[in-house]
Every structure is written in C-alpha cells, then in structure tokens.
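User: I am new to this protein and would like to go through its structure step by step. Could you take my questions one at a time and show the reasoning behind each answer?

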Amino acid sequence: QISEDGREQPVDQQRSPLFDLVPGFVHLPSARQLTVQMMQNPQILAALQERLDGLVGSPSGYMESLPKVVKRRVNALKNLQVKCAHIEAKFYEEVHELERKYAALYQPLFDKRSDIVKAAYEPTEEECEWKADEEEELTVSKQEEMKEKAKVEEEKKDEEKEDPKGIPEFWLTVFKNVDLLSDMLQEHDEPILKHLQDIKVKFSDPGQPMSFSLEFYFEPNEFFTNTLLTKTYKMRSEPDENDPFSFDGPEIMGCTGCTIDWTKGKNITLKTIKKKQKHKGRGTVRTVTKTVPNDSFFNFFTPPDVPESGDLDEDSEAVLAADFEIGHFIRERIVPRAVLYFTGEAIEDDDDDEGEEEGEEENDPDYDPKVGRRAYC
C-alpha cells in the first residue's frame, strides 16, 4: 500500500482502522513479527539447529542426478584415489625408515645428554658456554656485578652443602612443566620419578611391522627392582579396505606395557581401603579390607588390552585415546627436545603454535571442532 506522500507503508502498518470496529476481529501478526518471535524461542532455535546439523555432510542429490555414463567415470576417479592412498601409505613407510636412520644419528647426542643429567660426564667450559640472544644480553658492568654476586652465593652454598650431581630431577621437572604429562602425575609418583635417568625411543627393525617403543631408564631405587620400563606402540600404515578414503597416515593400533616388579608395600598403583559390612542374618558388622586401583603415572605401563575384534567399551576407548596421544607426544616432542621442556622454552613455543592453529581453524570455513584429527605417528 502506498501512502499519500508516495512512500510504501510497512506491512504491519497497512491495517485499516475499520478492522478495529469489527466485533471479534483478531489482528494476525505479520511475517516479520512471526520470524522475530520464533527466533526468540529457544526450543524452536534448538530444533532448527538440530535440523541444520543433520544436513551437514548429507548428499546434495547432485551425484544421483548425473547421467549413468558420468557416474561410471566418477567411479574410475575413485579407483584412482584408492591407488593414491596406497602410494601415500608407502610414502609413510619410507618416512618411518628415515626416522629409524636419523634416530641412530641423534642417539649419541641423547646419550651424552643422559650422561650429563646423571653426572656420568662433566661438560667442559667450552661446552657450557651459551650465547644469549641480543635482547637478553646485559651491559658489561651489570654482568660483572651479577657474576660477583653469584660467586658469593655459590661460595656460601658450598659451605652449607656439597655441589649437586648432574641435573637433579631433570625428567620430573620436564613432566611437571608439560600439562599433558603433569595431569597424570600424583604426589606419590614424584619420589619415584626423581630416579628416572633417561627416556629413549626405539623403532622397529627393518622388515618388521611398524612400531616404536618408549624406554624409561631408572637408577636403583626402593620402589621397584626394574631399571628399565617399556611401552610399545604398534602402528599400521595401510588404507582400510572397507573405507580406503579415510586413510590419513599411520595409526596406532594398540600398545603393550610391561610388568613392574614392585618392592613389597611400595606399589603405588594399588591402595587398600577398609569397608564395613553388615551381616544380613545376624546383624553383626565387620570390617573388610579391599585392594583397589589407585591413580598413578605408572598405570601408563598397564594399558587396557585391545581384543582382536577391536571392540572396546567407552571407558577403555577413552583411556587408549589418551594413552596414544601421550605416547606420540613423548616420542615426537619430549625426547627430542627435553632440555627445552626443562627450561620451559618449548612450552612457550607450543603455546604460540596452538594460538596460530586456533586462528587458522577459526578462519577455515570447513573447520569442525567436533571432528577429531589423526596425527602422524
């Protein structure tokens, strides 16, 4: 409807005042008003969102509308894609071979790191010199002042106690600095981890199924007789025949731990609880002692068994998913860069990387935070 001044009136203003004179007339809201009311109703919004979620990833009908001859050609492309997935699997197998090769080159350096940590080797003055970044460098006078102060404090400490050997609590500090690992630690784990001297990664031999082992070396201690605890992860680098397009690099398929030979009374993975029980017939009460699992980092060495069928309950699946993430992180980040996690420098780098990744994900229109990722292992 056009007003006298030539402007179009909004729909909700076009009602004639005559309608107000009609008995029993109910004015119906406009489409715009209905939309506003609906969008303010949380139940309607939830139902709408659920409907939209159901449409994500659903076929558009385009493929079904294609001529049969075009569909045949698309199938040919899919067969090519399967062949690509198999080539990609071979690529990752060769990457694994390269990792094995370079692990042998890194190992002498890691062995020297271990010797310094456990005081089997004292580095020379030259090896101990470290050039700081320009922004970290201080004026000459300030450096001299700090050196003098440090010398006085060092002499005072020498009088009070002997010099510490190696780098005390090196690996315990690394674990406590990393959220993923510190979440596993309990207070009763710390005295044991003070005896951890080294962690090594060992790859499967050439020609053997793809796997890697984490080796934890301990000095003799009062808690268990083992000097070596191991955790082995089995991997697969081949497309699933039933779902070849889901292949995105090697997957961890399972893991095995080891038996810890605990000293009597020192097994921190178990705890004793006392429970009162009432006899149904006589009504007497007795105290029963039970041994139950206890939270501990050392449960890491007794993961749930994966049945051949691969079927697991939700709790076991959650435990294994966390276990795989931890094993991968120790192998990829902790062992190669241990000193930087000890000082905290690697943690700052990780935080920066996470910030960049989050930014990229937010800017990615196809990113879905509910969809997990498979990391290369």
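User: Which residues are buried in α10?

Analyst: The model is a predicted one, and a residue is called buried when its relative accessible area is under 20%. Helix α10 covers residues 314-334, and the residues of α10 that fall in the buried class are Ser 316, Leu 320, Asp 323, Phe 324, Ile 326, Gly 327, His 328, Phe 329, Ile 330, Arg 331 and Ile 334.

User: What distance does helix α10 reach from its first C-alpha to its last?

Analyst: Helix α10 has 21 residues, and at 1.5 Å a residue the expected span is 30 Å. The model comes close to that expectation, since the reach of α10 from first to last C-alpha is 28 Å.

User: Which residues are linked with Arg 331 in a network of salt bridges?

Analyst: Arg 331 is among the buried residues of α10. Its partners in the salt-bridge network are Glu 99 and Glu 332.

User: How many salt bridges does a search of the whole structure find?

Analyst: Side chains of opposite charge can pair when their charged atoms come close. With a limit of 4 Å between nitrogen and carboxyl oxygen, the search of the whole structure gives a total of eleven.

User: How far apart in sequence are Glu 93 and Lys 90, which form a salt bridge?

Analyst: The closest N and O atoms of Glu 93 and Lys 90 are 3.8 Å apart, which is within the 4 Å limit for a salt bridge. Glu 93 is partly exposed at 32% relative accessible area, whereas Lys 90, at 52%, counts as exposed. Both lie in helix α4, where about one turn of the helix separates them, a spacing of three residues.

User: Which helices are joined by the salt bridge between Glu 127 and Lys 112?

Analyst: The side chains of Glu 127 and Lys 112 meet with an N to O distance of 2.8 Å. The two residues are 15 residues apart and belong to distant parts of the chain, so the helices linked, that of Glu 127 and then that of Lys 112, are α5 and α4.

User: With which residue does Lys 194 form a salt bridge, and where does that partner lie?

Analyst: Lys 194 sits in the loop between α9 and β1, and with a relative accessible area of 42% it is partly exposed. Its partner, 25 residues apart from it in the chain, has a phi near 55°, a positive value in a residue other than glycine. The closest N and O atoms of the pair are 3.7 Å apart, and the partner, in the loop between α6 and α7, is Glu 169.

User: What is the phi of Ala 119 near?

Analyst: Ala 119 has its place in the loop between α4 and α5, and at 37% relative accessibility it counts as partly exposed. Its phi is positive although the residue is other than glycine, with a value near 65°.

User: Is the pair of Phe 297 and Phe 300 stacked or edge-to-face, and why?

Analyst: The whole structure holds 22 aromatic pairs. For Phe 297 and Phe 300 the ring centres are 5.8 Å apart and the planes meet at 15°, and because planes under 30 degrees apart count as stacked, this pair is stacked.

User: Which class does the pair of Phe 300 and Phe 301 belong to?

Analyst: Phe 300 and Phe 301 are both buried, and they belong to a cluster of ring pairs that also includes Trp 262. Their ring centres lie 5.4 Å apart with the planes at 80°, so the class is edge-to-face.

User: How many disulfides does the structure hold?

Analyst: A disulfide is a covalent bond between the sulfur atoms of two cysteines. Cys 255 counts as buried at 9% relative accessibility, and Cys 258 counts as buried at 19%. The number of disulfides in the structure is zero.

User: What is the area of the nonpolar surface patch that includes Tyr 106?

Analyst: Tyr 106 is found in helix α4 and is partly exposed, with a relative accessible area of 47%. Together with Leu 98, Tyr 102, Leu 105 and Leu 109 it makes a nonpolar surface patch of about 550 Å².

Key:
Residues numbered from 1 in each chain as written. Predicted model: local features only at pLDDT ≥ 70, side-chain atom pairs only at ≥ 80, totals over all residues. Heavy atoms only, no water. Patch = residues over 30% accessible without salt bridge, like charges linked within 9 Å, V, L, I, M, F, W, Y side chains within 5 Å. Areas by Shrake-Rupley, 256 points an atom, 1.4 Å probe, with all protein chains shown as cover. Helix = DSSP H or I, 4+ residues; strand = E, 2+ residues; numbered from the N terminus. Buried < 20%, exposed > 50% of the residue type's maximum accessible area, 1.4 Å probe, protein only. Disulfide = S-S within 2.5 Å. Expected span 1.5 Å × (residues − 1). Phe/Tyr/Trp six-rings, centres within 6.5 Å; stacked < 30°, edge-to-face > 60°.
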